[in-house]
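Me: Got a minute to go through this one with me? I'd like to start with the backbone and then look at the rings.

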Amino acid sequence: MREMTFAAPCHFGLESVLAGEMRRLDLEGVSAADGRVLFKGDEHALARANLCLRTAERVLVLLGEFEAKTFTELFDQVRQLPFEEFIGRQDAFPVKGHSNKSQLHSVPDCQSIIKKAIVERLKSHYHIGWFEETGATFQVQFTLRRDEATLLIDTSGAGLHKRGYRQNAGGAPIKETLAAAMVDLTRARNAAHVYDPCCGSGTLLIEAALAAKRIAPGIRRRFTFMDWDCVPDEVWRAERT
């Protein structure tokens, strides 16, 4: 098993709630930043976080952070990152992201440069000139903020707020992850009875019941990392039990 650094984005203001969740799950190296919480761990930590975190929006592998003011700097720094540790020769690796208050403000150009850098890195490792990208998906995400670039790989796929228990209903007035945070902040997860006089769609009550019963916040969910060859099937089975 290898140690990785993960980033879990969350609603602004809920970083301490998510950090507390992580510590209760025995995740290591927990540190909060604006809009996200970092932690460290192996493949078991990756599976446990996706399965059990209630207030995280998704779980991403943090590959690297660096300054990039020019496309040359962006290309060179991305090419140094160990993408081959995750992406196989048949796997797909689409790139998406955003830029804010950075000299590299063109998102399509950044996408193109990052994609090219990843291809060059993988070509030098696998010694092939063409990638079919027909295998598992490794969604590469980047953020550029004040000329600081962050490269990540999404392990979740669908957002973690999609629990699976709202298949046949419209959008809820409150997001499931936010409802879970309210449950945590009010200590409702430890209460014998929870009443919601303004019940509406019942999101708060459902999240409170799941937390009180220590039930993972999802029904028959499937995560992107479950298709990755670099994460053994027994890891998921061990954490699910």
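Reply: Sure. Keep in mind that this is a predicted model. One place to begin is R214, which is found in the loop between helix 6 (203-212) and helix 7 (233-240).

Me: What's the phi of R214 like?

Reply: Phi is near 55 degrees there, so a positive value in a residue that isn't glycine. Most residues other than glycine have a negative phi.

Me: And is R214 buried or exposed?

Reply: R214 is exposed, with a relative accessible area of 58%.

Me: OK, what about D26, where does that sit?

Reply: D26 is in the loop between helix 1 (15-24) and strand 2 (28-33). D26 isn't a glycine either, yet its phi is positive, about 65 degrees. Its relative accessibility is 61%, which is over 50%, so D26 counts as exposed.

Me: Switching to rings. How many aromatic pairs are there?

Reply: Searching the whole structure turns up 4 aromatic pairs. One of them is F138 with W228, stacked at 4.3 Å centre to centre with 20 degrees between the planes.

Me: Which parts does that pair tie together?

Reply: F138 lies in the loop between helix 4 (107-126) and strand 6 (140-145), while W228 is in the loop between helix 6 and helix 7, so the pair links parts 90 residues apart in sequence. Both F138 and W228 are buried.

Me: How are F223 and F225 arranged?

Reply: F223 and F225 are stacked too, 5.9 Å centre to centre and 10 degrees between the planes. Both are buried.

Me: Last one: what lies over the face of F93?

Reply: That's K115, at 3.9 Å from the ring centre.

Key: Residues numbered from 1 in each chain as written. Predicted model: local features only at pLDDT ≥ 70, side-chain atom pairs only at ≥ 80, totals over all residues. Heavy atoms only, no water. Helix = DSSP H or I, 4+ residues; strand = E, 2+ residues; numbered from the N terminus. Buried < 20%, exposed > 50% of the residue type's maximum accessible area, 1.4 Å probe, protein only. Phe/Tyr/Trp six-rings, centres within 6.5 Å; stacked < 30°, edge-to-face > 60°. Lys NZ or Arg CZ within 6 Å of the ring centre and 35° of its normal.
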